Amino acid sequence: METPHLAPFITRKLLLWYDAQARVFPFRGPKDPYRVWLSEIMLQQTRTETVGPYYERFLARFPDVFALAEAPEEQVLKAWEGLGYYARARNLHRAARMVAGERGGVFPGDVEGLLGLPGVGPYAAAAIASIAYGEPVPALDGNLARVISRLFGVQEDIDRPETRRGLYALGLALMPGDRPGDMNQALMDLGATVCLPGSPDCVRCPLKEECVGFQSGNPGALPVRKPKPAPREVSVGVTVFTCAGRALLLKRDKALLKGLYVFPLAEGDDSPESGRDLARSLGLAAGAPTFLAEARHAFTHRVWNMRVYRRETDTAPGVPGGVWADAAMLAALPLPRAMDAAKREALALLRQTGTIRV
Ligand code: SF4
């Protein structure tokens with residue numbers, strides 16, 4: 001890949017377009033590093049439109065890095081509930097403690113320093129450094145990689161490290177000395193509104209005269225990417241054990257959904273009998289299962305196909321890592337999205353029975 005001589009011209013044109021068309025989001029306000037960092041972590045695996053309200057609520061709850069650092073992890077996870085990919089929230093919390101503690105509240109001021117914070121990878125570091133500090137580095141995520149590969153007609157597999165390095169060099173050539181943050185955001189906006197995955201809307205694009213992909217006649221064929229293996233489909237039996245208006249939740253200690261509360265579940269077995277083995281391992285004397293719901297949840301590498309059952313127990317013994325939650329507690333604890341259907345069914349059950357016995 002050659003660095004194109006048109007790069008400075010493309011940059012000027014795109015910034016003019018951005019000045020007129022920039023999308024308005026709550027997080028595109030002050031360039032305070034805490035706010036920029038928070039929004040970039042939220043935006044990593046979540047749609048921009050979804051992030052806005054979460055960002056505002058989170059910021060109201062934790063207005064600065066000290067407030068976030070002082071909060072218990074459970075409160076941070078609760079505020080994150082619904083955004084998914086909870087490792088981000090745990091890393092965010094660890095990074096806040098690092099910045100508030102070791103660094104007296106001062107964020108690292110460049111890409112290299114930012115990469116030392118938990119949860120901050122090359123993309124986030126570049127986005128934060130360019131937006132908050134004006135460092136001229138491209139924030140190369142899938143969105144930017146798509147736009148740049150079309151713009152310069154890159155024909156190599158976009159997932160190969162050599163191709164990524166080439167795309168990074170092209171992105172670097174596009175960075176102006178004075179407004180790199182705006183340029184990254186302009187490229188992001190172009191990718192999100194015009195240069196869309198699948199079929200780019202080239203007629204509306206300010207760069208169509210310069211775009212190699214458009215000029216070649218088939219920009220939608222770019223970027224080149226080898227198909228990825230499909231995520232693994234897994235059957236999962238979820239059992240809502242209930243006892244006198246309470247339901248049993250377990251705090252996950254596995255890497256997937258670590259630190260969040262889930263109903264007892266059996267990966268690989270969605271039969272009604274999955275609850276019997278769970279009951280045995282948890283030391284519960286449980287009644288026969290009643291089917292409640294079906295649900296499906298896709299993680300990055302696997303998909304849970306869930307069948308949710310209820311089993312009533314006579315007693316509610318202590319379970320390591322477990323809590324017998326009434327409806328109010330169930331609503332307050334951090335549960336992952338994957339548990340939405342089971343939670344909904346459990347809340348309906350607990351609200352029916354919660355006032356009978358405690
Ligand atoms: S002309 Fe089309 S393919 Fe090229 S950057 Fe614009 S929208 Fe993308």
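## Where the two domains meet

Nine residues of domain 1 are in contact with seven residues of domain 2 in this predicted model. On the domain 1 side of that meeting point, helix α5 (residues 73–80) is the biggest giver, with four residues. Sorted by type, the residues on this side of domain 1 come out as two nonpolar, two polar and five charged.

As for the bounds, the domain assignment gives domain 1 as 7–221 and domain 2 as 232–353. Their C-alpha centres sit 36 Å apart.

## The chain as a whole

Stepping back, the protein chain has 15 helices and seven strands. Its C-alpha atoms fill a box of roughly 75 × 50 × 35 Å along the principal axes. Of the chain's 358 residues, 39% count as buried. Take the contacts between residues at least 6 apart in sequence, and 69% of them join residues at least 24 apart.

## Around the ligand

Which residues are closest to the ligand? They are Cys 195, Cys 202, Cys 205, Cys 211 and Pro 219, out of 14 residues that surround the ligand. Two elements, α9 (142–151) and α12 (212–215), each give two or more residues to this shell. Helix α9 gives the most, with three residues.

By type, the shell around the ligand holds 11 nonpolar residues, one polar residue and two charged ones.

## The nonpolar core

In soluble globular proteins, nonpolar side chains tend to be buried together. Here the largest nonpolar core has 97 residues, and the members that touch the most others are Ile 128, Leu 144, Ile 148, Val 240, Ala 247, Phe 263 and Val 308. Helix α8 (residues 122–133) gives the most to this core, with eight residues. Both domains take part: the core draws at least three residues from each of domain 1 and domain 2.

Phe 263 is worth picking out on your screen. Leaving aside neighbours within four places in sequence, Phe 263 is in contact with Val 238, Thr 239, Val 240, Leu 249, Met 339, Ala 342 and Ala 346. One of these partners, Val 240, is also on the list of core members that touch the most others.

## Helix α13 and its two sides

Helix α13 covers residues 274–282, and its buried residues are Ser 274, Gly 275, Leu 278 and Ala 279. Looking down the axis of α13, these buried residues fall within an arc of 135°, so they line one face of the helix. They pack against three strands: β1 (232–243), β4 (265–267) and β6 (302–312).

What does the face of α13 turned away from the buried side carry? It has the exposed residues Arg 280 and Ser 281. Right after the helix comes Gly 283, with a positive phi near 75°.

## Leu 260, a loop residue

Leu 260 sits in the loop between β2 (246–251) and β3 (261–262). Is Leu 260 buried or exposed? It counts as buried because 25 other C-beta atoms lie within 10 Å, where 20 or more is the cut-off.

Not counting residues up to four places away in sequence, Leu 260 touches Leu 77, Tyr 86, Arg 252, Pro 334, Leu 335 and Pro 336. Leu 260 and Lys 78 make a long-distance pair in sequence terms: they are 182 residues apart along the chain, yet 8.9 Å apart in space, C-alpha to C-alpha.

## Backbone oddities

Most residues other than glycine have a negative phi, and most peptide bonds are trans. A few spots in this chain go the other way. Tyr 85 has a positive phi of about 45° although it is not a glycine, and Leu 257 has a positive phi near 65°. The peptide bond from Leu 222 to Pro 223 is cis, with omega near 0°.

Each of these places is in a loop. Tyr 85 lies in the loop between α5 and α6 (87–101), Leu 257 in the loop between β2 and β3, and Pro 223 in the loop between α12 and β1. As for burial, Tyr 85 counts as partly exposed because it has 16 C-beta neighbours inside 10 Å, whereas Leu 257, with 22 C-beta neighbours inside 10 Å, counts as buried.

Technical notes. Residues are numbered from 1 along each chain as its sequence is written. This is a predicted model: local features need pLDDT of at least 70, side-chain atom pairs count only at pLDDT 80 or more; totals for chains, interfaces and linings use all residues. A residue is near a molecule or strand if its C-beta atom, placed from the backbone, lies within 6 Å of it. Ala, Val, Leu, Ile, Met, Phe, Trp, Tyr, Cys and Pro count as nonpolar, Asp, Glu, Lys and Arg as charged, and the others, Gly among them, as polar. A nonpolar core is a set of buried Ala, Val, Leu, Ile, Met, Phe, Trp, Tyr and Cys residues joined through C-beta atoms within 7 Å. A residue is buried if 20 or more other C-beta atoms lie within 10 Å of its own, exposed if 12 or fewer, and partly exposed in between; C-beta atoms are placed from the backbone. Domain bounds come from an automatic or database domain assignment. The arc is that of the directions from the helix axis to the C-beta atoms.
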